[in-house]
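Student: Could we go through this one together? I'd like to start with the strands and then move on to the helices.

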Amino acid sequence: MDKKEPCCIKVNLPGGVISAGDLYELLLIAENAGAQAIRIGNRQQLFFCIDASQLEDLEMDMLRAEVSYEINEDEFPNIISSYVTDAIFNTESWIKEGVYKDIFDLFNFKPRLKINLVDQHQTFVPFFSGNFNFITSNISNYWYLYVRFPKTTDIYCWPSMVYSDDIPLLSQTAEKVIMAHKAQFYDRQKINHQKFHDLVMAQNDFVTQPITEPLKLPDFQLPYYEGINRYVNNKYWLGIYRRNELFPLEFMKDICTICLKNRIGQLYTTPWKSLLIKGISEADRKEWGSILNKHLINVRHASNELNWQLENLNSESLELKQQLVRIFEEYDLRTYRLCFAIKMQPKTGLPGSIIIKKQLPDVFNILHTSDFNPNSKDYVTYREEVPKVDLARCLIELCNHFYSILIDDSISPSVLPNETDEKETHYIYQCQSCFSIYDQTFGDIVNDITPGIDFQTLDEYTCPICDSPKSSFIRIENSMDSIGWRGNL
């Protein structure tokens with residue numbers, strides 16, 4: 001191997017969570033090996049690149065720190081979870097921090113197939129991007145399981161619900177069955193689901209519950225996941241997205257230092273390749289703002305730039321995304337309740353409402369799910385063999401087509417509720433300091449305002465994001481809600 005050849009180091013973070021102390025130690029190891037930045041992957045893992053000449057020293061440092069890693073490989077996919085959403089993007093579920101951690105601790109093997117642990121009440125973390133997709137039920141500590149067989153779009157609903165403590169063992173058993181019977185369950189057009197179930201159940205006894213009602217997922221809505229935002233108990237969370245996917249090491253070290261100083265134990269990575277920190281106190285907001293200023297970190301990108309899924313470490317897809325986003329911005333394109341995926345490689349499993357799939361150099365097919373929900377695997381071909389120069393025009397046409405279908409009631413109203421109701425009379429109120437939204441349809445959880453309360457009837461009101469007074473809000477038509485703040489309130 002050429003000593004100057006770059007090597008990609010991948011570190012899995014089970015569930016997308018890491019302690020501030022462990023991350024700081026990892027950053028020092030990366031820095032000592034010559035790295036300048038880290039990246040976050042679409043399965044909540046970390047990447048950094050170094051020269052091959054630094055590998056020997058890196059391996060010694062990783063061994064001392066007891067960090068498991070891969071070099072230029074992805075044999076062991078990260079276990080992803082919706083732990084990051086807890087108390088921020090959903091508060092109604094039985095699954096909390098302790099349950100997530102208990103399940104992570106029971107994994108005594110490194111999975112070779114993708115595992116997702118996802119709360120059914122959120123839409124931030126993809127439901128079906130794994131091979132074993134565990135989704136919470138309405139019964140405490142029981143999960144639905146949907147198996148997506150490797151290299152296929154075949155999804156099998158496990159006929160019973162799975163107990164939390166059995167998730168690791170069932171995953172390991174099912175993986176062994178698939179790997180031992182690849183001719184039947186791996187990259188096959190037809191799968192015998194019953195035979196797969198029988199082979200798995202023959203290996204171990206599992207605690208199960210019968211499925212008494214089908215899984216019902218919420219309509220897709222990607223919450224705005226950037227900036228400093230208030231949530232419960234007067235605490236704040238900070239979301240950081242990087243347009244070039246690079247998080248400079250010096251910036252990340254400062255982040256860890258503040259976390260350790262202020263006793264913020266954990267940091268979270270997201271499937272949208274962003275970083276999230278919870279538990280920031282009111283007294284510390286200024287210090288966090290100073291760090292963002294010091295490193296010139298922008299935390300207010302447009303929503304139509306944040307709703308993209310890209311392959312990891314793929315400069316071609318990143319460049320294409322940036323080109324398309326610039327055109328979307330110029331066109332002022334509405335993409336509310338849509339998300340995009342760019343697939344340069346076959347069978348990547350990336351979720352998206354609209355899929356841009358490479359066929360030949362600078363030639364793409366455009367697909368979308370039948371109901372424009374990214375959690376579906378039922379794809380419809382919209383355009384074939386589209387030259388790269390025509391991609392933006394076709395995507396704009398497809399987005400506009402999506403909204404025209406809604407107006408014609410050709411898509412179930414559950415895809416985009418209340419979008420066409422009372423368009424001329426329904427108003428929302430927008431803060432002119434931070435652009436957050438008050439909509440009486442949803443109320444304001446942070447300020448304990450129940451749904452249905454007209455903004456005009458509130459005697460006093462302060463913005464839940466930036467604390468601006470009621471006088472800072474202006475009335476606008478409901479069509480402006482594509483800014484996306486509603487998901488945070």
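Tutor: Two strands pair if DSSP finds at least two bridges between them, and the model we are looking at is a predicted one.

Student: OK, so which residue in β12 does V162 stand opposite?

Tutor: V162 stands opposite T208 in β12, and the two strands concerned, β11 (residues 160-163) and β12 (residues 208-210), run antiparallel and are joined by three bridges.

Student: And how many bridges join β9 to β11?

Tutor: Two bridges join them, and these strands run antiparallel as well; within that pairing, Y142 has Y163 of β11 as its bridge partner.

Student: In which order do the strands of the five-stranded open sheet come?

Tutor: The order is β18-β19-β20-β21-β22, with mixed pairing. The edges are taken by β18 (308-310) and β22 (379-387), each of which has a single partner strand, so one side of each is left without a neighbour in the sheet. Averaged over the sheet and with direction ignored, neighbouring strands are turned by 20° against each other.

Student: What holds at the β22 end, how many bridges with β21?

Tutor: β21 (residues 363-369) and β22 pair over six bridges in the antiparallel sense, and one residue pair to look at there is F364 with its bridge partner V386 in β22.

Student: Which strands of that sheet does α10 touch?

Tutor: Helix α10 packs on the sheet and touches β18, β19 (340-343), β20 (354-360) and β21, while its direction makes about 160° with that of β18.

Student: S317 lies in α10; is S317 buried or exposed?

Tutor: S317 is buried, because its relative accessible area is 0% and the cut-off for buried is under 20%. If neighbours within four places in sequence are left aside, S317 is in contact with L310, E311, I342 and M344.

Student: Switching to helix pairs, at what angle do α1 and α7 cross?

Tutor: The axes of α1 (residues 20-32) and α7 (residues 249-261) cross at roughly 155° and come within 9 Å. Since angles over 145 degrees count as roughly antiparallel, α1 and α7 are therefore roughly antiparallel to each other, and their crossing is left-handed.

Student: Which residues meet there?

Tutor: From α1 they include L23, Y24, L27 and L28, and from α7 they include M252, K253, C256 and L260. By class, the contact of α1 with α7 has eleven nonpolar, two polar and three charged residues.

Student: What about α4 and α6, at what angle do they pack?

Tutor: Helix α4 (residues 167-180) and helix α6 (residues 193-201) pack at about 125° with their axes 9 Å apart, and they are therefore oblique to each other. The crossing of α4 past α6 is right-handed. The contact is made by L170, T173, A174, V177 and I178 of α4 together with F196, L199 and V200 of α6, and these divide into seven nonpolar, one polar and no charged residues.

Student: Last topic, backbone oddities: what is the phi of K151?

Tutor: K151 has a positive phi of about 65° although it is not a glycine, and its place is in the loop between β9 (142-148) and β10 (155-157). At 39% relative accessibility, K151 counts as partly exposed.

Student: And where is R263?

Tutor: R263 is in the loop between α7 and β16 (266-269). R263 is not a glycine either, yet has a positive phi of about 60°, and at 81% relative accessibility R263 counts as exposed.

Note on methods:
Residues numbered from 1 in each chain as written. Predicted model: local features only at pLDDT ≥ 70, side-chain atom pairs only at ≥ 80, totals over all residues. Heavy atoms only, no water. Axes fitted to C-alpha atoms, helices over the stretch in contact; angles between N-to-C directions. Helix = DSSP H or I, 4+ residues; strand = E, 2+ residues; numbered from the N terminus. Parallel < 35°, antiparallel > 145°, perpendicular 65-115°, else oblique. Left-handed = near helix turned anticlockwise from the far one by under 90°. Contact = heavy atoms within 4.5 Å. Nonpolar A, V, L, I, M, F, W, Y, C, P; charged D, E, K, R; others polar. Buried < 20%, exposed > 50% of the residue type's maximum accessible area, 1.4 Å probe, protein only.
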